[in-house]
Amino acid sequence: MLSRLDVQGFARRALNPVKRLVSAWWRRQSPSRQDRFATLGPLLSVVLFLAAIVSAFWYLRNEEIEREAEAVKRDTEMAQQQIRSRLIENEDLLIPLQRDLANRSIDNLEFTQRAMAIARNRPEITHITWLNARREKRVSVAAIGEQAESLMTLEGSDPSMPNGHANSEPERAFQGARDRRTRTYSASFADANNSTVFQLQLPLSDRAGFAGVLIAEYAVEGLLRYSVPNEVTSRHAVAVLDPREQVVASTVTPMPGKRITRAPIYHEVPMAPAPGLVLRGQGYRTSIGLISNTLFWMVMALSVLTVWMLLGTWKHMRRRAQVQNALAAETNFRRAMENSMLTGMRAMDLETRISYVNPAFCAMTGFAESELIGRKPPFPYWPPDRYEENLRLLQQEMQGRSPAGGSEVKVMRKDGSIFDARMYVSPLIDPKGKQNGWMTSMTNITEAKRVRDQLSASHERFTTVLEGLDAAVSVLSVQQGELLFANRSYRLWFGADPKGHAMLAGSQPTSLAGATSTQDASYEIGGSGAGARDGHGDPGEHGDEEDVDGYGGLPAQHLTEVGGDSREVFIAQLDMWFDVRARYLQWTDGRLAQMLIATDITARRHAEAQQQQQTEKAQVTSRLITMGEMASSVAHELNQPLTAITNYCNGMVSRVRGDNIQKDDLIVALEKTAKQAQRAGQIIHRIRAFVKKSEPQRQPAFAASIVEDSVELAGIELRRRNVQIHTYVAQRLPVMRVDPILIEQVLLNLLKNAAEAIDNAALPPSRRHIELRVVPKHTAELGANIEFSVTDMGPGLPVEVIERMYEAFFSTKADGLGIGLGLCRSIIESHQGRIRAENLYNGPSIVGCRFAFTIPVDIPRPESPPTPLDKGGEVGTSTTHNTAATP
């Protein structure tokens, strides 16, 4: 046998591995999970305890119900057995009487005596009756032991008497006994006293056959009362139910006016051998139910209270854990932030003892945290030669007189190197509002100081450069109209007045907010008489004033990203021209400002004006030279209409003198004479308009009209040199804004040069023709333009001539002045066009030359389907002029 100590030791050794596993699992959990498990453990225990109490109550209740049901079943079956035994005993008493009646060994008197003896001992029998085969009563003995003459008569309405009707229970039992010749129990029915009874009918037989029946009628209530033992009725209620489940008898008497209801615990058995009757035993629980149990509800209330308190504790611990986690996260965040800061942090107590330094402070000074914590002045990072100065600054900090912008100090690293730092000192206040020290932040400003010194030096150099410029530089605040900067040249010309900036910008100082203008725009500055003209000195071309837009509401970044524009402004007060460039910038304090750079271009404008005058003179001279070269051709051209006029006049005079001319013939001759005179006048008008000196005037002009006038003028020379010209002008060309006379001069010069080249080369008639084409073009560089091209089949130009032909006073002619092509180039470029020349080749041989120039135009977006020209073809008017010399 094992002792108790041995059993305890064995159990302890068996539980040690489990305890170790549980301990290891518990240590692996985080503190928050341990708190959660520690709270949920009691809560789970209380829930399990409550479940156990409910289960115990439920089990006891079911156990009680099962015991009660078993007792009811047992007592009901016992009552059934007792009733059956009582009926069998009664049958045993009636069978001798049946046998004697069948043998006719007794008479009526003896039957009465014997029946009375049975009835007195069996009170459940209401009466015993002898009927013959014809249902006639022979003798009937009541339960009181006397004969009842009124019972069991055919003449009466006694329901206990078989009456021959099939719906009568006694009749059914009578027929059954007669037919089967065995004892028969009838179903229950109500007798004359409205009591529920049933009958036992014993058949009587003799030699003749069926002789009648012996009837014993039982009262159900009496049978239940005298047959069921008292110990059964004292424990449970026993009731008899008919086939309609109506209680016909019960051991419990119900209250008046109330029916007997079925108990929750009952057991039913048939009350054999009486057919249709059921014996029901009913039982009741002696203890109260689960819902009515006060102890159960007390346990339930205490359990719910405990669960509620545990839940409250769990929520409180969870909130506390959340606060702890938040505090830990905040602490870790602050520690991480302090450790990751590039700014050094130092805390001192009220006794100037260092209590905290962050890693950045240690990294700056080179000292470890252990070497700084607890140290008092002089601190190890103070340079030895600055002890007194640093001590004085420390005393000022302790007295609260530290500069708001911080103090610049020299700090010595552990290796002895020195760097510049800026320190900010502020009181260290605890959560209760009490000061318990000083907090210092330190930043290394060595590099910033070096950059600042360099910026200062650069600013000085930059200011020196701006002051030395010949151009006026000014910066004006857009919002306030304040002059922020002005160099020496600006002050020399305008002083320190911002009105000079406004005049250069073309606006008033108050309206300068965001002022801008378009390039080549012109301004009129009121009150001073000063005017501004465009870059070409032509006030009529852009003479309209433009209102500037205010950009005060736009972000400064968008304005400062816009490049500066250039304009030429005339200041009448100074009688000077300035080339002004303006742009917007963000000033050092964040304000939006406008900067102007105004360069004196008075000398250049005077030179340009002189050059323009010389160019105009050269244009007139060139036209006069051209007309001089074409003088013989013009004379020949005028000689034809004048000769025709003379011939017509002489003819008309001769025929008038001879009186042989009709009026109609005279009119026809006069009309022809007038037509020739008009032709001569047109030639003189075109030549006069071409050589007339006038100011350049740009106006809307059509390419077809210019080509027609130029070809008419050039036709004189072409006919003299026997050269044909073919013109092609595209249709729907846009309107050009040019000086028509200048463009005609260029075309006439190019056509005359082509005719001279063909005539001087003595080319055959197949190559003596010129092609003039006018077509629209569009290039990425020049945009939309109209191209004029003059192509000849002459010998072409040498390469060295193409390179120098636009130079002033360069000419390949012996008597040429060298102003033709150079002047053409100036005219085309003044119209923002381009001119070029190229030789035409057939293999290595030159077969001609082509001069082309372009004039830019504005082409609106087409709304109709594209023309064949847009698809690469050309639509225009082609004309061939026969310029052969008239013989």
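## A walk along helix 2

Start by selecting Arg 36, which is partly exposed, with a relative accessible area of 35% (partly exposed lies between buried, under 20% relative accessible area, and exposed, over 50%, using a 1.4 Å probe and protein chains only). You are looking at a predicted model, where local features need pLDDT of at least 70, side-chain atom pairs count only at pLDDT 80 or more, and totals for chains, interfaces and linings use all residues. Residues are numbered from 1 along each chain as its sequence is written, and side-chain values use heavy atoms, leaving out hydrogens and water.

Arg 36 sits in helix 2 (a helix is a DSSP run of H or I with at least four residues, numbered from the N terminus).

Now add Arg 33, Lys 315, Arg 318 and Arg 319 to your selection: together with Arg 36 they form a positive surface patch (patch residues have over 30% relative accessible area and no salt bridge, and like charges are joined within 9 Å; a salt bridge is a side-chain nitrogen of Lys or Arg within 4 Å of a carboxyl oxygen of Asp or Glu). Helix 2 (31-103) and helix 7 (294-340) each give two or more residues to this patch, and helix 7 gives the most, with 3.

Next, click Phe 37, also in helix 2. What does Phe 37 touch, not counting residues up to four places away in sequence? Look for Trp 25, Trp 26 and Gln 29 (contact means heavy atoms within 4.5 Å). The C-alpha atoms of Phe 37 and Trp 26 are separated by 9.5 Å.

Last stop: Arg 86 in helix 2. Arg 86 counts as buried, at 17% relative accessibility.

Technical notes
Patch = residues over 30% accessible without salt bridge, like charges linked within 9 Å, V, L, I, M, F, W, Y side chains within 5 Å. Areas by Shrake-Rupley, 256 points an atom, 1.4 Å probe, with all protein chains shown as cover. Lys, Arg positive; Asp, Glu negative; His and termini not counted. Charge placed at Lys NZ, Arg CZ, Asp CG, Glu CD.
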